[in-house]
Amino acid sequence: MTDLPHYQLFIDGAFCEGSAGQVMATQNPATGQDWATFACASAADVDRAVASAARALDDPAWRDMAQTARGKLLYRLADLIEQNAQDLGAIETTDSGKLLAETSSQTAYVGDYYRYYAGLADKIEGAVLPIDKPDMHVFTRREPIGIVVAIVPWNAQMFLTATKLGPALAAGCAVVLKASEVAPAPMLEFARLIEAAGFPPGVVSVITGDAENCAIPLTRHPDVDRIAFTGGPDTARHVVRNSAENFAVTSLELGGKSPIVVFEDADLDGAANGLIAGNFGASGQSCVAGSRGLVHRPILENLIARITDKAKGIVVGDPLEQATHVGPLCTNAQVARIKDTLAKATAQGATIHMGGAPLDRAGNYMAPTLVECAGPDTETLHVEMFGPVMSLIPFDTEEEAIALANDTPFGLGSGVFTQNLARAHRVSARLKAGICWVNTYRAISPIAPFGGYNQSGYGREAGLDAIHDYTRTKTTWINTSDSPMANPFVMR
């Protein structure tokens with residue numbers, strides 16, 4: 001292990017080891033071998049990170065920094081991210097197995113998220129209220145909410161960090177960023193860019209570690225004001241329980257089993273590409289994976305043929321190679337979960353048209369898989385597998401399609417493929433999901449809010465309103481009369 005690259009924590013503007021000396025190894029999913037080690041935070045390190053954030057909020061260097069100047073720091077960070085996108089992407093690919101073609105391009109695009117919030121930093125405005133009391137001048141201002149804990153999973157680290165860190169810093173908050181203990185290297189490397197951008201010490205700390213020593217002490221810390229969490233529903237329940245200790249404002253961006261509804265008038269090539277993008281893009285490791293394909297019965301057979309034909313050109317291989325379309329899954333546990341789910345589905349009568357098994361090679365590789373479901377209770381329609389598995393089920397009417405689409409406890413993404421504009425509006429309005437793509441899939445922008453319904457969480461990231469989630473509103477009343485205050489026992 002001593003010859004492997006080693007990543008340290010970033011606390012109070014400095015890189016350091018964990019105070020308890022705990023070190024973990026991270027594996028390359030393409031080989032199944034350890035490739036790096038990283039320091040883990042203890043409860044004492046959590047205390048130190050939160051204390052440095054509290055101090056930064058009171059330090060004139062950050063507290064009194066002009067909003068425009070905060071924006072300039074974010075612009076500088078955006079430039080650094082773009083300049084280092086290839087290197088950050090290579091680290092993320094090595095650590096998580098995501099394709100370099102996606103990690104490097106997504107990282108470069110993430111710079112636009114920071115630029116978007118940099119531009120909003122000096123546009124966080126209050127208001128003068130037309131108050132219904134004489135001799136009163138009343139106005140509001142938005143102040144930083146305080147110390148933010150941002151918890152980010154391994155599967156889209158740079159993107160999911162930007163949707164939290166961008167608005168938080170633009171609003172003037174201080175942030176403790178907790179990277180997943182699975183594949184944390186990109187976030188610990190990203191800390192170097194935060195340092196290089198010139199943010200004052202303590203404004204951003206980057207830590208990682210296990211639940212007991214890091215995540216639990218962090219989410220229940222009494223000085224934390226806001227928790228922005230992305231991850232699974234089970235972990236989210238613990239986060240919500242922990243937040244009862246500090247009453248931190250909490251937003252949750254969780255998982256999904258997103259439907260893609262394909263009507264008989266859809267362009268079949270476009271629909272096939274949408275289903276492939278929604279299921280095999282990012283090797284299926286996406287919270288908005290469109291893993292439930294609902295297909296108008298008359299075109300089901302043709303669509304299956306179109307998808308299987310296109311799938312012949314899918315290259316499964318080394319995620320560092322530009323020609324690769326599908327890489328390894330991040331953990332072997334995902335492969336085991338997929339195998340178990342497929343076995344249950346076939347026992348229920350499902351038909352596997354392609355794939356269906358792990359590849360016989362080193363690493364966590366799963367063949368792109370297409371399942372035709374026997375009915376709405378088929379296991380693959382209900383389990384979030386986080387892998388390249390597409391499930392298709394037919395429907396006969398628009399009402400049936402909507403009912404099937406909404407038959408899930410989740411509600412993050414959704415898709416509709418149709419050439420009928422009226423139907424597109426009608427169906428998208430009735431889908432219980434926070435995002436709906438029509439005749440496309442997996443498109444993102446810093447301008448567009450991102451978030452879900454039900455067990456996919458609550459709150460929205462990205463977009464104009466997200467910056468207000470990192471502020472508190474203060475109302476100030478000023479008596480403009482020369483007369484002294486009247487009877488103190490009567491509310492005005």
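Which residues lie nearest the centre of the largest pocket? The exercises below work through this predicted model, starting with that pocket.

**Exercise 1. Describe the largest pocket and its lining.**

Step 1. Start at the centre. F229, G231, G232, P233 and T235 lie nearest to it. They belong to a lining of 41 residues.

Step 2. Find the elements behind the lining. Those that give two or more residues are β8 (147–152), β9 (174–179), α8 (211–219), β11 (226–230), α9 (233–243) and α12 (332–347).

Step 3. Pick out the main contributor. Helix α9 gives the largest share, eight residues.

Step 4. Sort the lining by class. It has 19 nonpolar, 14 polar and eight charged residues.

Step 5. Add the volume. The largest pocket holds about 1,200 Å³ of space.

**Exercise 2. Do the same for the second largest pocket.**

Step 1. Take the volume. It is about 340 Å³.

Step 2. Go to the centre. R63, R70, R141, E143 and P144 are the closest to it, out of 17 lining residues.

Step 3. List the elements. α1 (43–58), α2 (60–63), α3 (67–83) and β7 (136–144) each give two or more residues to this lining. The largest share comes from β7, with four residues.

Step 4. Sort by class. The lining divides into six nonpolar, four polar and seven charged residues.

**Exercise 3. Find how many cavities of 30 Å³ or more the structure has, then describe the largest.**

Step 1. Search the whole structure. Four cavities of 30 Å³ or more turn up.

Step 2. Take the largest cavity. Its volume is about 90 Å³.

Step 3. Look at the walls. Of 14 lining residues, A289, S291, M385, F386 and G387 are the closest to the centre.

Step 4. Sort by class. Five lining residues are nonpolar, seven are polar and two are charged.

**Exercise 4. Name the residues that line the second largest cavity, and class them.**

Step 1. Note the volume, about 70 Å³.

Step 2. Read off the lining. R292, L294, P376, L381, H382, I393, L404 and D407 make it up.

Step 3. Sort by class. The lining has five nonpolar residues, one polar and two charged.

**Exercise 5. Work out where the buried residues of helix α14 sit, and what covers them.**

Step 1. Identify the buried residues. In α14 (residues 421–430), R423, A424 and V427 are buried.

Step 2. Look down the helix axis. The buried residues of α14 fall within an arc of 100°, so they line one face of the helix.

Step 3. Turn to the other side of α14. There L421, H425 and A429 are exposed.

Step 4. Find the cover. The elements over the buried residues include α13 (398–405), β18 (415–417) and β19 (437–438).

Step 5. Check the start of α14. A side-chain oxygen of N420 comes within 3.0 Å of the backbone nitrogen of A422.

**Exercise 6. Decide whether T94 is buried or exposed, and trace its contacts.**

Step 1. Place T94. This residue is in helix α4 (residues 85–96).

Step 2. Apply the cut-off. Buried means under 20% relative accessible area. T94 has 17%, so T94 is buried.

Step 3. Look within the helix. A polar atom of the T94 side chain lies 2.8 Å from the backbone oxygen of A90.

Step 4. Look further along the chain. Setting aside neighbours within four places in sequence, T94 contacts Q27, N28, P29, W35 and L320.

**Exercise 7. Determine which residues S104 touches beyond its sequence neighbours.**

Step 1. Place S104. Helix α5 (residues 100–120) holds this residue.

Step 2. Judge its accessibility. S104 counts as buried because its relative accessibility is 9%.

Step 3. List the contacts. Leaving out residues up to four places away in sequence, S104 touches A85, Q86 and G89.

**Exercise 8. Locate G349 and find how far G375 lies from it.**

Step 1. Place G349. It is in the loop between α12 and β15 (351–354).

Step 2. Judge its accessibility. Exposed means over 50%, and partly exposed lies between that and the buried cut-off of 20%. At 42% relative accessible area, G349 is partly exposed.

Step 3. Compare sequence with space. G349 and G375 are 26 residues apart in sequence. In space, they are 8.5 Å apart, C-alpha to C-alpha.

Technical notes
Residues numbered from 1 in each chain as written. Predicted model: local features only at pLDDT ≥ 70, side-chain atom pairs only at ≥ 80, totals over all residues. Heavy atoms only, no water. Buried < 20%, exposed > 50% of the residue type's maximum accessible area, 1.4 Å probe, protein only. Arc of directions from axis to C-beta. Contact = heavy atoms within 4.5 Å. Polar contact = N/O pair within 3.5 Å; in protein donor to acceptor, adjacent residues only side chain to side chain. 1 Å grid on protein atoms, 1.4 Å probe; cavity = no way out; pocket = protein on both sides within 12 Å on 5 of 7 lines; lining within 4 Å. Points joined across faces, edges and corners; volume = space filled by probe spheres on them. Nonpolar A, V, L, I, M, F, W, Y, C, P; charged D, E, K, R; others polar.
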